[in-house]
Amino acid sequence: MARSRSLTTIYFVKGVGMDGPIKIGMANSLNKRIIALSSQSPIKIELIYSFKAIAAAEQLIHRKFKNHRLHGEWFRVSDELSSFINRLSGGEELHTLLEMTCEELTSELNRKQKRNEPMKLREYLEKEKMN
């Protein structure tokens, strides 16, 4: 039997009242992560948007915005990044926003997860909707 692919929360945060920078991260417990980030930051942190996905999705988003990276998981605000977050929060599918076909995204996620039995994108999306 294949290992189950667990979902994590991919999130976008920024300083309260600021346009950026934006942190693109992931966490198993989003509330705990926001508290930890807030305690480590000289400014208050606010959540812009979050969604459930497998961990490899965060890496793909980082790669898409690599030219906007400031340091680590912090990215410079741009029209492109703002549009990405707005469209994602509006229900647009991740593979569309990453400019990949369903098959390309499935292949890339499976490669990054190093899974023995690849999960089909439909199975992944169905699991995502259930959470």
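Here is a short chat about a predicted model of a protein.

Biologist: Which elements make up the protein, and in what order do they run from the N terminus on?

Modeller: Let's count before we order: there are six helices and five strands. Starting at the N terminus, the elements run β-β-α-β-α-β-β-α-α-α-α.

Biologist: How much of the protein is buried?

Modeller: Buried here means under 20% relative accessible area. Out of the 131 residues in the protein, the buried share is 39%.

Biologist: Okay, on to helix α1. Where do its buried residues fall, seen down the axis?

Modeller: The helix covers residues 30–40, and L30, I34 and L37 are the buried ones. Seen down the axis of α1, they sit within an arc of 65°, so the buried residues line one face of the helix. That fits a general rule: an α-helix has 3.6 residues a turn, so residues three or four places apart point the same way. As for where the buried residues of α1 fall, it's one face, within an arc of 65°.

Biologist: And what do those buried residues of α1 pack against?

Modeller: Not the other side of α1, where N31, K32, I35, S39 and Q40 are exposed. The buried residues pack against strands β1 (8–15), β2 (22–27) and β3 (45–53).

Biologist: Let's pick V13 in strand β1. Is V13 buried or exposed?

Modeller: V13 touches residues farther along the chain, including I34, L37 and W74. Its relative accessible area is 0%, and the cut-off for buried is under 20%. So V13 is buried.

Biologist: How far apart in space are V13 and I45?

Modeller: In sequence, V13 and I45 are 32 residues apart. They also touch. From C-alpha to C-alpha, the distance is 6.6 Å.

Note on methods. Residues are numbered from 1 along each chain as its sequence is written. This is a predicted model: local features need pLDDT of at least 70, side-chain atom pairs count only at pLDDT 80 or more; totals for chains, interfaces and linings use all residues. Side-chain values use heavy atoms; hydrogens and water are left out. Buried means under 20% relative accessible area, exposed over 50%, partly exposed in between (1.4 Å probe, protein chains only). Helices (H or I, at least four residues) and strands (E, at least two) are DSSP runs, numbered from the N terminus. The arc is that of the directions from the helix axis to the C-beta atoms. Contact means heavy atoms within 4.5 Å.
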